[in-house]
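Me: I have not looked at this structure before. Please pick one part of it and go through that part closely, explaining the terms as they come up.

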Amino acid sequence: MLNFPNDSLNTARIIFQSHDQYQVIFADRSVHQATLAGRMQLADTLPLIGDFVSGQVYDQDKFLITTLLPRQTLLTRASNQQDQAIAAGTVPCQVYTLNNKN
């Protein structure tokens, strides 16, 4: 259940992220390798697994991410300085926490 926000052919969901490489899935369940457009690499908020993005397909199996669509949810973890984003979107999951603070 991917729950795409619209039926646009240019909308995809992030399913993998490692450094500057991404994989996205489309509503038709096709998967493409993806990279960020230049201006996206300098943005304050980068796409996370679960985010919906838009962009354009090129070379038949590659996708250039140009826009991060608004997030519905965000899973974060606490760190010493600030909360760190882990995943976004509407990803069904169970979260267990262990608090070692006395």
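Reply: Val24 is a good place to start: leaving out residues up to four places away in sequence, Val24 touches Ala12, Arg13, Ile14, Ile15, Ser30, Val31, His32, Ala34, Val53, Phe63 and Ile65. Contact here means heavy atoms within 4.5 Å. The model is predicted, so local features need pLDDT of at least 70 and side-chain atom pairs count only at pLDDT 80 or more, while totals for chains, interfaces and linings use all residues. Residues are numbered from 1 along each chain as its sequence is written, and side-chain values use heavy atoms, with hydrogens and water left out.

First, the setting. The protein has one helix and seven strands, and from the N terminus on the order of elements is β-β-β-α-β-β-β-β. Helices (H or I, at least four residues) and strands (E, at least two) are DSSP runs, numbered from the N terminus. Five of the strands close into a barrel, in the order β1-β2-β3-β5-β4, with mixed pairing. From one strand to the next the twist averages 50 degrees; such angles run from 0 to 180 degrees between N-to-C directions, with axes taken as lines fitted to C-alpha atoms, for helices over the stretch in contact.

Next, the strands around Val24. Strand β1 (residues 11–18) pairs with strand β2 (residues 21–25) in the antiparallel sense, over five bridges. Two strands count as paired if DSSP finds at least two bridges between them. Ser18 has Gln21 in β2 as its bridge partner, and Phe16 stands opposite Gln23 in β2. The hairpin of β1 and β2 has two residues between the strands, and His19 there takes a positive phi near 55 degrees.

β2 also runs antiparallel to β3, joined to it by four bridges. In this pairing Val24 stands opposite His32 in β3. The hairpin of β2 and β3 has five residues between the strands. Arg29, in the loop between these strands, has a phi near 75 degrees, a positive value in a residue other than glycine. Most residues other than glycine have a negative phi. Arg29 is exposed, with a relative accessible area of 53%; buried means under 20%, exposed over 50% and partly exposed in between, with a 1.4 Å probe and protein chains only.

His32, the residue opposite Val24, is found in strand β3 (residues 31–36). His32 is buried, at a relative accessible area of 11%. A polar atom of its side chain lies 3.2 Å from the backbone oxygen of Asp61. Not counting residues up to four places away in sequence, His32 touches Tyr22, Gln23, Val24, Phe26, Gln60, Asp61, Lys62 and Phe63.

Val24 also belongs to the largest nonpolar core, whose 12 residues are Ala12, Ile14, Tyr22, Val24, Phe26, Ala34, Leu36, Ala37, Met40, Val53, Phe63 and Ile65. β1, β2, β3 and β5 (62–68) each supply at least two residues of this core. A nonpolar core is a set of buried Ala, Val, Leu, Ile, Met, Phe, Trp, Tyr and Cys residues joined through side-chain atoms within 4.5 Å. In soluble globular proteins, nonpolar side chains tend to be buried together.

Val53 is another member of that core and one of the contacts of Val24. Val53 lies in strand β4 (residues 52–58) and is buried, with a relative accessible area of 0%. Outside its neighbours up to four places away in sequence, Val53 touches Asn10, Thr11, Ala12, Ile14, Val24, Pro47, Phe63, Ile65, Thr67, Leu68 and Leu69.

The C-alpha atoms of Val53 and Thr66 are separated by 7.5 Å, with the two residues 13 apart along the chain. Thr66 is found in strand β5 and counts as buried, at 17% relative accessibility. Among residues beyond four places in sequence, Thr66 is in contact with Ala37, Arg39, Met40, Ser54 and Gly55.

The loop between β4 and β5 holds Asp59, whose phi is near 50 degrees, again positive in a residue other than glycine. Asp59 is exposed, with a relative accessible area of 56%.

Over the whole protein, 29% of the 102 residues count as buried. Of the contacts with a separation of 6 or more, 47% come from residues 24 or more positions apart.

Technical notes: Polar contact = N/O pair within 3.5 Å; in protein donor to acceptor, adjacent residues only side chain to side chain.
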